[in-house]
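Colleague: Before I use this model, I would like to go through some of its local features with you.
Modeller: Go ahead; here is the entry.

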Amino acid sequence: MKDEAKTRIDIDTLLRDCGFVLQDKGEFNRYAKAQGQDISGVAVREFTMSDGSEADYLLFIEGKACGVIEAKKQGVSLSGTHAQSRHYATHLPPHLKAWANPLPFLYNSNGGEIDFTDLREPSPRARRVFAFHTPQALFDKLRSTPLRQNLTTLPATHLDTVPLRPCQVEAITALESSLAKGNPRALIQMATGAGKTFTACNFIYRLLAHANAKRVLFLVDRNNLGRQSKKEFDNFRLPNDNRKFSEIYITTHLQSNHIDKDSKLVITTIQRLYSLLKGEVEFDSHNEEFSAFDSETAKSTAPKELKYNPNFPIDFFDFIIVDECHRSIYGEWRQVLEYFDAFIIGLSATPSKHTLGFFHKNMVSEYALERSIADGVNVGFEIFRIKTRVSEEGGLIESGFSVPVRDKRTRKEIYQSFDEDKAYQKSDLDRIVLNPNQIRTILECYQKSVFTQLFPDRVRDKAWIPKTLIFAKDDNHAEEIVRIAREVFHADNDFCQKITYNVSKQSPEELISAFRNDPKFRIAVTVDMIATGTDIKPLEVLIFMRDVKSKLYYEQMLGRGVRTILDDDLKRLTPNASAKRHFFVIDAVGVTESLKTISAPLERKKGISFKKLLENVAMGANDEDTISSLASRLSKLALNATPKESENIRAYSGGKDLHGLANALLLSIDSDFCEGKSEAQIESARDLALRPFCEPLLRQSLLDMCARSEIIIDTQTPDEVISGEKSADQALKRIQDFKDFIDTHKDEIEALHIIYTQSYATSRLTRTLIAELHERLQLSALTIPSLWSAYALTRNTAQNECVKPLRGDSTTQKLTNLIQLVRFELGFDKELRDFGGVANSRFELWKGRQIKKGIDFSPEQLDFLTHIKDYIITNAYLAHDDIQGLNDAYGDTNGIFVAKALFGERFSALLNELNLALIGGVKAS
């Protein structure tokens, strides 16, 4: 059989699956209709065109020609065949009923690939599709304006910017501009807490309302985030309309493998979507509770295999929104996304280079965490490093003493003694050895520091410690932390609770809600459950009691603390707090110092039990993810293997130990090893590496080891704090950035130039100029609170507290504090104090100097001058023409007339003198 003939067989099969009737010229009936189809769709083979050439297939919808298919043999590049299909589309035989001339729809296929071109679209260009469109889809296209045509007018449609942040307006505008150009993929990078879902609500509404999109798919990382998203869409009120989104557009969060065809927005996980496309009737929702971020990997080269499913034609969705699915979009699940003829829009706080690659490097909007902090959308963080003796050096369990050994699975403890001293390293902590004294020492250090070093301005009440999230290594570690935390803080069960997948009575979602809203719930301990994607606005402290090697995952975990919260909302949950200006990262394991990579762990199937994984291997599973996950779990088992267990493994595996088995598995999927080998050779190598696991005795031994999974509890080794302090490195870098900013812009930014040259007498340091300086600082990711804190950390000593606490809460107060920061950095002031306190002191000194000069102010005059002082504190320079700004204090009375009545002609001189005294500390001559 010729290659092109084989291609035609594949095309015939796919056309039938898509709902077409296949005909030869002798069977020609352009109104034929396949069984079960509402629309007539016919594909006629080798149709003769007007110039005598033969189109491989001519497509008819409802009796009229609408498109052609050009078939080529397998392996032929399709880009060179587009002109040929276009030729057929323009050479129609006389009297042929057609929807248009030229025919609008062109397909080119080599059996393995299909290109589709719609000539009605602006600047029509071919795009790769998974299958052919159904007769119904082509009929709908013929009766409507092309989606890509609608998208060209979308940017000109009015966007209601009132409820949107500038970064959200920027993202929507840039996305619509990209869509108007026909770019099939676009990535929006938006910091955690900046409102990605609200942004999506707005642009999805616009796609449905103004671009006439048929249906949108919203993919989430895991199921609880799907529920969060559904709630946000349900509460989203349409612009210029009091109705909610879901009142107008049917919004479905999939709980079963059925999609309501009337749904306009479908929310689901990519795991369930794959199950749907495979045609599975049911799908276990437990598989949707695990984060795709943790379980997928950029190194996966074995995508999920899919076949065309007639229940889900490729036009089922016009847009796919991928919300923080991270690696899943370019790894194992790539083909699932590419199944649909849809635009793909990514939302990510921390895109990797692989993510950028998948989206063709089309990052339409970039709003990093630094910008969000500078804009006040998010808050920054400070690091408090705790080092303990055991955390840094490990410990020693002396021989001859009985210590508890716990079964992680049952939590049953037995006592065991060792014949020799057993030393352990810090890397063994909470994996092989658990030291309760180490956990207690860390938590006691936190308890003692929280109101002395972290939040010294708060009333010291242990019942109202800041909302705190602790990251543990595993469920067993989390359990121990919860128990000890309750003891350290002398608190009840509500005070500290575990939020993991392994909580029996309450669902994790209920616990997360309680942590958000219950004032009594102060400390949550988790492993991965709320490491990504979950917003807890009142959270002010993150404690890392586990290291994290993945840079992207670490940034996601940090994102849990960045959310801003209204002052009143924070006070309701944390009564001794006034405002959330920043959050703290308590680093108890060196997570802020360890090297981070963008690699994912070997483990790629966290949702599959070890027993199920071994069963799959025994039955013949040899895909890359299965092999990688098995190697990962064998490596972990090897760390705890007893001599007897190792002996059994070698006996049942043909002489290999656990490390040998794991290495053989990894070699079989190594890219260098596989390079240049045929598929058959790679398959053979994998089967050879997996062959030992066909032995049931080996599988049972491995399961027995996994079930035992003991951890030694070191109750002997005491622990002590080596150091507990804020990170000076971070503060010093921030100060250096501020120095560089001043040096670079001192002649360019007018406010900075006035302070630098101290030219207060000849230049007016107005609020407008300070606001400009503030805005420029924000663009450099420098904020007043973060700079103030950095100076306090690096300049204050036990003998000299030269940096006083920042007291001003209002925005205007913060602006005038910029004067103080610049003056302190330039060395003009020996102390850094808030501008309000400094101005009040200078005001009293100024009044004293007036008295010495024989000027005694009346109560009415002092009252007026006090209002001027208060205005300068919040707005800086008060100009003569701005006296109207004091009107509020005097009702309807004109301030300037009051001033002249009180002070006469000397008012102008007094006002100038007071400005100089309060802003620059300049004495009158």
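**Backbone, burial and contacts**

Modeller: To start with the backbone, helix H28 is followed by Gln758, whose phi is positive, near 55°. Keep in mind that this is a predicted model.

Colleague: Which residues of helix H28 are buried, and on which side of H28 do they lie?
Modeller: Helix H28 covers residues 750–757, and its buried residues are Ala751, Leu752, Ile754 and Ile755. Around the axis they cover an arc of only 160°, so they lie on the same side of H28.

Colleague: Where is the cis peptide bond that ends at Pro102, and what is its omega?
Modeller: Pro102 is in the loop between helix H2 (82–90) and strand E5 (105–109). The cis bond runs from Asn101 to Pro102, with omega near 5°.

Colleague: Is Glu62, which has a positive phi, buried, partly exposed or exposed?
Modeller: Glu62 is not a glycine, yet its phi is about 50°. It sits in the loop between strand E3 (54–61) and strand E4 (64–71). Buried would require under 20% relative accessible area and exposed over 50%. Glu62 has 30% relative accessibility, so it counts as partly exposed.

Colleague: And His490, is it buried or exposed?
Modeller: His490 also is not a glycine, and it has a positive phi of about 50°. The residue belongs to the loop between helix H16 (475–488) and strand E22 (496–498). Its relative accessibility is 63%, and the cut-off for exposed is over 50%. His490 therefore counts as exposed.

Colleague: How many residues of strand E25 are buried?
Modeller: Strand E25 spans residues 582–587 and is largely enclosed by the rest of the structure. That follows because the buried residues number 5 of the 6.

Colleague: Which residue in E25 is the bridge partner of Glu382?
Modeller: Strand E15 (residues 380–388) runs parallel to E25, and 6 bridges join the two. In E25, the partner of Glu382 is Phe584.

Colleague: Which residue in E25 stands opposite Ile543?
Modeller: Strand E24 (residues 539–544) is also parallel to E25, joined to it by 4 bridges. Opposite Ile543 in E25 stands Ile586.

Colleague: Is Asn378 buried or exposed?
Modeller: Asn378 lies in the loop between helix H13 (369–374) and E15. Its relative accessible area is 2%, against a cut-off of under 20%, so Asn378 is buried.

Colleague: Which residue has its backbone oxygen 2.6 Å from a polar atom of the Asn378 side chain?
Modeller: The side chain of Asn378 makes a polar contact with the side chain of Ser372, at 2.9 Å. Leaving aside neighbours within four places in sequence, Asn378 is in contact with residues including Ala191, Gly193, Val562 and Arg563. The backbone oxygen at 2.6 Å belongs to Thr192.

Colleague: How many disulfides are there, and how far from Cys201 is the nearest cysteine sulfur?
Modeller: A disulfide needs two cysteine sulfur atoms within 2.5 Å, and the count comes to 0 disulfides. Cys201 is in no disulfide; the nearest cysteine sulfur is that of Cys167, and its distance is 14 Å.

Colleague: What are the relative accessible areas of Cys201 and Cys802?
Modeller: Cys201 is buried, with a value of 0%. Cys802 is buried as well, with a relative accessible area of 7%.

Conventions. Residues numbered from 1 in each chain as written. Predicted model: local features only at pLDDT ≥ 70, side-chain atom pairs only at ≥ 80, totals over all residues. Heavy atoms only, no water. Buried < 20%, exposed > 50% of the residue type's maximum accessible area, 1.4 Å probe, protein only. Arc of directions from axis to C-beta. Pairing = 2+ DSSP bridges. Polar contact = N/O pair within 3.5 Å; in protein donor to acceptor, adjacent residues only side chain to side chain. Contact = heavy atoms within 4.5 Å.
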